[in-house]
Each structure stands twice: as structure tokens, then as C-alpha cells.
Amino acid sequence: MVVDDEPPARRSLKRLLAAHPDLAVVAEADCLAAATEMVGKVRPDIVFLDVELGDGRGFEMLSRTDDGPDVVFVTAYSRYAVDAFDVAAADFLVKPVDPERLAVTLKRLRARRAETQPPLAGDEPRLSINMPGEYLVVPHSRVLSLTAEGDFTRIAVIEQRDRLICRLLGHFETELPSPPFSRLSRSLIVNLRQLRKIDWGEGGRARIALGPEGREIALGRAAARRLRETGIVS
């Protein structure tokens with residue numbers, strides 16, 4: 001995420017970041033208030049944050065967010081460097097940003113994140129979720145369910161908010177392996193490995209709970225019958 005109250009500065013930094021294919025700019029903001037709100041919604045891994053914004057200083061954002069992303073301060077004023085490291089910033093860049101210096105910052109961030117985040121098991125396949133202003137790559141094991149909503153598909157992911165993607169459910173059915181993913185109805189695909197509970201109801205209906213949060217989904221007769229046919233329940 002890029003935060004700067006000057007559009008040319010945001011464009012310049014995004015152009016430099018585009019040279020690194022393992023990064024995607026998922027959001028941008030032009031003031032402190034918008035940046036603070038956006039961080040909570042988008043949950044970026046890294047924020048490139050200007051110090052002097054129209055409605056305050058970037059340092060204030062760190063005090064407003066808990067368990068937030070890595071923050072790299074980007075400013076024209078080198079005098080803020082000490083303050084930046086006092087608030088545990090990941091790094092400090094001076095405008096105009098030098099591409100080689102940015103590359104050093106990104107190398108440090110990759111190493112830092114590798115130390116603090118558990119690696120994925122083996123070469124686990126992932127699902128790409130691409131939306132306006134946001135790009136996510138989610139391991140299959142963390143996907144709970146996919147639900148058709150007209151021309152859109154709602155994707156539920158462990159410990160994250162749902163994402164609504166402008167793609168038909170059938171597109172994902174061909175992409176996701178079966179098992180563990182099973183299409184129980186015209187409008188629902190579930191990850192059977194995340195099935196935690198089944199409550200059988202009257203008339204052949206059922207209610208299931210998925211994932212550690214126990215997200216509940218009601219199943220009609222046909223979907224409940226297909227769930228039985230998967231062989232994972234009696």
C-alpha cells in the first residue's frame with residue numbers, strides 16, 4: 001500500500017515497485033484518515049508511508065493500528081529518520097527514491113517476513129484473487145467455501161473477510177482440485193477438509209460449520225445429499 005498526499009509521488013513509487021514482480025500495490029491513500037481506514041480493510045503486508053500528510057503525520061497511523069503491516073517511511077526530509085526508527089519502522093527512504101536503495105529495502109523486508117511467517121507446506125497450490133485495488137494469493141487449504149451470487153463469486157477465507165469476485169462459480173470449479181473441493185449445489189463449493197460439524201435437519205436438509213471459526217452454511221436437500229455422496233459422512 002502506498003500513502004502520500006501528492007499524486008506524482010504515488011505514481012513514481014508505484015512505477016518503481018512495478019519492477020519487482022513479487023509485489024502488487026493493492027491500495028493507495030492520500031491522507032492519514034483514509035490510510036488508517038484502508039489498512040484495516042485491505043490488510044497490506046507493507047505500507048510505504050509519507051511522513052507529512054495533509055491531515056497529520058504518518059507516525060500517527062502506527063498508534064492507531066494494532067498488529068499492523070511493515071511500515072517504510074518515505075519523505076523528503078531526512079530529519080525524520082530517527083523518529084521513524086523510534087517507532088520501529090522497517091526502513092526509511094528519502095525522496096526522490098533511488099531504485100537501488102528501494103531494492104535494498106525490499107530485500108530486507110523479504111528476509112524479515114521470511115523469519116516471522118511460517119512457510120507454506122511444500123509447493124501447496126494457491127488461489128489468485130484479483131479485484132480492483134486488491135490482489136491476494138491464498139493457499140487452497142485456507143479457502144473455506146465459494147458461493148455464487150449472480151455473475152459474482154463470494155470467497156470465504158480463514159480469518160479474513162469475504163471477497164466478492166466478478167467471476168462465475170464454474171470458473172473456480174475447473175481450477176480447484178476435487179477432492180478436497182466439492183460442488184454441493186449450483187451455487188456452492190466447499191472445502192471438505194475444513195468441514196468441522198454437520199447438523200442434520202428435517203426433510204433431508206443440513207447445516208455445516210467450516211474452519212476454526214465455525215462459519216455456518218445451510219444446505220438444501222440436494223446439497224445435503226451430495227455431501228453424503230462424497231463419502232466423508234454416513
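Me: In this model, what makes β15 and β16 a hairpin, and which residue in the turn has a positive phi?

Reply: Glad you started there! The two strands, β15 and β16, make a hairpin with five residues between them. In the turn, G203 has a positive phi of about 70 degrees. Please keep in mind that this is a predicted model.

Me: How do you know that β15 and β16 pair, and in which sense?

Reply: Count the bridges: β15 (residues 195–200) and β16 (residues 206–210) share five. Pairing takes at least two bridges, so these strands count as paired. Their sense is antiparallel. To find your place in the structure, look for K197, which stands opposite A209 in β16.

Me: And what makes β1 and β3 a pair?

Reply: Here there are two bridges between β1 (residues 2–3) and β3 (residues 46–50). The cut-off is at least two, so β1 and β3 pair. These strands run parallel, and V3 has L49 as its bridge partner in β3.

Me: Which sheet are β1 and β3 part of, and in what order do its strands come?

Reply: An open sheet of five strands, in the order β2-β1-β3-β6-β7, with parallel pairing.

Me: Why are β2 and β7 called edge strands?

Reply: Each of them, β2 (28–29) and β7 (91–94), pairs on one side only.

Me: Why is L32 called buried?

Reply: Its relative accessible area is 0%. Buried means under 20%, so L32 qualifies. You will find L32 in helix α2. The C-alpha atoms of L32 and D4 are separated by 8.9 Å, and the two residues are 28 apart along the chain.

Me: Is R43 buried or exposed, and how do you know?

Reply: Exposed: R43 has 62% relative accessibility, and the cut-off is over 50%. R43 sits in the loop between α2 (32–42) and β3. Its phi is positive, about 50 degrees, although R43 is not a glycine.

Me: What about E159: buried or exposed?

Reply: E159 has a relative accessible area of 57%. That is over 50%, so E159 is exposed too. This residue, again not a glycine, has a positive phi near 60 degrees, and its loop runs between β11 (152–157) and β12 (163–165).

Me: Why can one say that the buried residues of α7 line one face of the helix?

Reply: The buried residues of α7 (residues 221–229) are A223, A224 and L227. Viewed down the axis of α7, they fall within an arc of 100 degrees, so they line one face. The background is friendly to remember: an α-helix has 3.6 residues a turn, so residues three or four places apart point the same way. Among what covers the buried residues of α7 are β13, β15, β16 and β17 (215–219). After α7 comes G231, with a positive phi near 90 degrees.

Me: Which peptide bond leading into P179 is cis, and what is its omega?

Reply: The bond from S178 to P179 is cis, with omega near -5 degrees. Another cis bond joins P179 and P180, with omega about 10 degrees. For P179, the place is the loop between α6 (169–175) and β13 (181–185), and P180 lies in the loop between α6 and β13 as well.

Me: Which element of the protein chain has the lowest mean pLDDT?

Reply: Helix α4 (residues 81–86), at 50, while strand β14 (residues 188–191) has the highest, at 94. Where pLDDT is low, the predicted coordinates should not be read in detail. The chain as a whole has a mean pLDDT of 81, and 82% of its residues reach 70 or more.

Conventions. Residues numbered from 1 in each chain as written. Predicted model: local features only at pLDDT ≥ 70, side-chain atom pairs only at ≥ 80, totals over all residues. Heavy atoms only, no water. Helix = DSSP H or I, 4+ residues; strand = E, 2+ residues; numbered from the N terminus. Buried < 20%, exposed > 50% of the residue type's maximum accessible area, 1.4 Å probe, protein only. Arc of directions from axis to C-beta. Contact = heavy atoms within 4.5 Å. pLDDT = per-residue confidence, 0-100.
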